Each structure stands twice: as C-alpha cells, then as structure tokens.
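Reader: I'd like to go through this model with you, moving from one topic to another as questions come up. Could you keep the answers plain?

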Amino acid sequence: YAGFRPTVGPVAFDFGFIYYYYARERQVFLDGTGAATFVNTGALWMREMDYWEVYGKFTWDLVKDKFAVGANFYYSPDWLNTGAYGFYASGTAKLTLPNFTLPLFGTPKEIGWYVSGEVGHYSLGTTDPILGSIALPDYWTWNVGVAFTQGVFTLDLRYYDTDTTKAECLTLTGDLRGLTGGTTPGVSKWCNSAFVVATKFDLTALANLK
C-alpha cells in the first residue's frame, strides 16, 4: 500500500491505496449437486481474488494525548474481484489512561495503556453474472479492547464480533465446508465472534534502531 498523512492541528489524516494479492490460488467450481469440485463446471468463486481499494481516515485528538475519535472509509469497485463494489465506513474512539509501574524482569517499568473500540458497516454490491448475480449481504462489525505499551512494544487484547448470520457468512466467504457434502452444509462458522491477543513492535529506524 502507499499513501500520505497530512496533519492539521489536532486532526491527523491518512489517504492511500491498497492492493491485495493472494498467492497460489486455486479456483473452485460447483458440480450439479452443489458440491465443490476443481473441474470447470459452474464457478463458485473467481479464479483470482486480487483487488484494490482506496481509503481515507482521520483522527481527532479531542483531549491531547488523552481522548481521540476518528473515522475510516474504504472503497473498492471490484471487491475480491467479484464484480461487486465494497464500501466500509467506521467510527473509532480511544481513551488513554494514566501510566503505571510494573516490575518486569526484576526492573520497574512504566506501562502505558488505553481502551479503544470501533463500530463499522460494510456495504456490498452484486456479483458478476458468472457468480450468479448475487446481492452480497451488508453487515455490521465492531471491536473493543485494551492495550498495554512499553517502549516499542504493544500487547493488545480485543473482542471482535459481527451481526452476520452463518448463512450470510457462507455467501461472503465461499467456505467449502458449507457446501453440499461439507461438514456444515448451508452455513459457515468463519464469521463467529473472536477474542484476539496481538503483540506489536513499532520501530522507527532513526529513533529506535540505534
């Protein structure tokens, strides 16, 4: 991806372009019974799902270094190469709390932490005729979590969820287990709620790699 990030007072903007490339793809088709096959009959999904999108974001520091809100917008005219447009919009909030000291490896360390969340909506269009001219389902998604920082390290503990049904999830993902003969026919469990633990390292060459 590529972009630029101008700042105007307490408001930071981020505009850019993203290209998604999926390596070693293999196209799946449907046989006459609705089961998956690699023989060219009726296409379940496109041969390649590579696609691009543009985005715009802003973050407004309402209370300096304490409380910020933001918004994100992403748009693709050909989401996952299906022919359907994809538009995602979300709002965010982040509350930074006072630092505290914690003994790590026998040495007291100052720990920063914050609580943040996001609520977003994905609007999707209709697929190409080769995929059945299917109106892809729109859905809401949200996450909330707490993160702890120390130096360049961040530990993020976050809950993710969506209002997508298991049947809608099958339509969006093409999960082979949801097809005829699969282990979960008619539905997919890929869109279930999840609790994710992530570690991050934020390195700026001139500042951190000395």
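Reader: Is Phe15 buried, exposed or partly exposed?
Author: In this predicted model, Phe15 is partly exposed, because its relative accessible area is 34% and partly exposed covers the range between 20% and 50%.

Reader: And what about Phe13, how is that one classed?
Author: Phe13 is partly exposed as well, with a relative accessible area of 28%. Phe13 and Phe15 form a stacked aromatic pair, with 5.9 Å from centre to centre and 10° between the planes.

Reader: How many aromatic pairs does the structure hold?
Author: The structure holds 14 aromatic pairs. One of them joins Trp79 and Tyr122 in an edge-to-face arrangement, 6.2 Å centre to centre and with 65° between the planes.

Reader: Where do Trp79 and Tyr122 lie?
Author: Trp79 is in the loop between β8 and β9, whereas Tyr122 belongs to strand β10, so their pairing ties together parts that are 43 residues apart in sequence. Both residues are buried.

Reader: Which residues form the aromatic cluster?
Author: The cluster is made up of Tyr55, Tyr74, Trp79, Tyr88, Tyr122 and Tyr139, and it therefore includes both partners of the pair that links the β8–β9 loop with β10.

Reader: Staying with that loop for a moment, what is the phi of Leu80?
Author: Leu80 has a positive phi of about 55°, although it is not a glycine. Leu80 sits in the loop between β8 (67–76) and β9 (86–104), and it counts as buried because its relative accessibility is 12%, which falls under 20%.

Reader: What about Ser133, which loop is it in?
Author: Ser133 is placed in the loop between β10 (107–124) and β11 (139–150). Its phi is also positive, at about 50°, and Ser133 is not a glycine either. Leu80 counts as buried, but Ser133 counts as partly exposed, with a relative accessibility of 42%.

Reader: Changing topic, what is the volume of the second largest pocket?
Author: The second largest pocket has a volume of about 330 Å³. The elements that give two or more residues to its lining are β8, β9 and β13 (194–201).

Reader: Which residues lie nearest its centre?
Author: Lys94, Tyr114, Thr149, Thr154 and Asp202 lie nearest the centre, out of 13 residues that line the second largest pocket. By class, that lining consists of six charged, four nonpolar and three polar residues.

Reader: Now a helix: what can you tell me about Leu170 in α1?
Author: Leu170 lies in helix α1, which covers residues 166–173, and it counts as buried because its relative accessibility is 15%, again under 20%.

Reader: Which residues does Leu170 contact, leaving aside neighbours within four places in sequence?
Author: Leu170 is in contact with Asp175, Gly178, Gly186, Val187 and Ser188 once those neighbours are set aside. In the case of Ser188, which is 18 residues away along the chain, the C-alpha atoms of the two residues are separated by 4.8 Å.

Reader: And what does the secondary structure of the whole chain come to?
Author: The protein chain has two helices and 13 strands. Of its 210 residues, 31% are buried, and among contacts with a separation of 6 or more, 49% are between residues 24 or more positions apart.

Reader: Last one, what area does the chain expose?
Author: The protein chain exposes about 13100 Å², and carbon and sulfur atoms supply 62% of that area.

Notes:
Residues numbered from 1 in each chain as written. Predicted model: local features only at pLDDT ≥ 70, side-chain atom pairs only at ≥ 80, totals over all residues. Heavy atoms only, no water. Helix = DSSP H or I, 4+ residues; strand = E, 2+ residues; numbered from the N terminus. Buried < 20%, exposed > 50% of the residue type's maximum accessible area, 1.4 Å probe, protein only. Contact = heavy atoms within 4.5 Å. Areas by Shrake-Rupley, 256 points an atom, 1.4 Å probe, with all protein chains shown as cover. 1 Å grid on protein atoms, 1.4 Å probe; cavity = no way out; pocket = protein on both sides within 12 Å on 5 of 7 lines; lining within 4 Å. Points joined across faces, edges and corners; volume = space filled by probe spheres on them. Nonpolar A, V, L, I, M, F, W, Y, C, P; charged D, E, K, R; others polar. Phe/Tyr/Trp six-rings, centres within 6.5 Å; stacked < 30°, edge-to-face > 60°.
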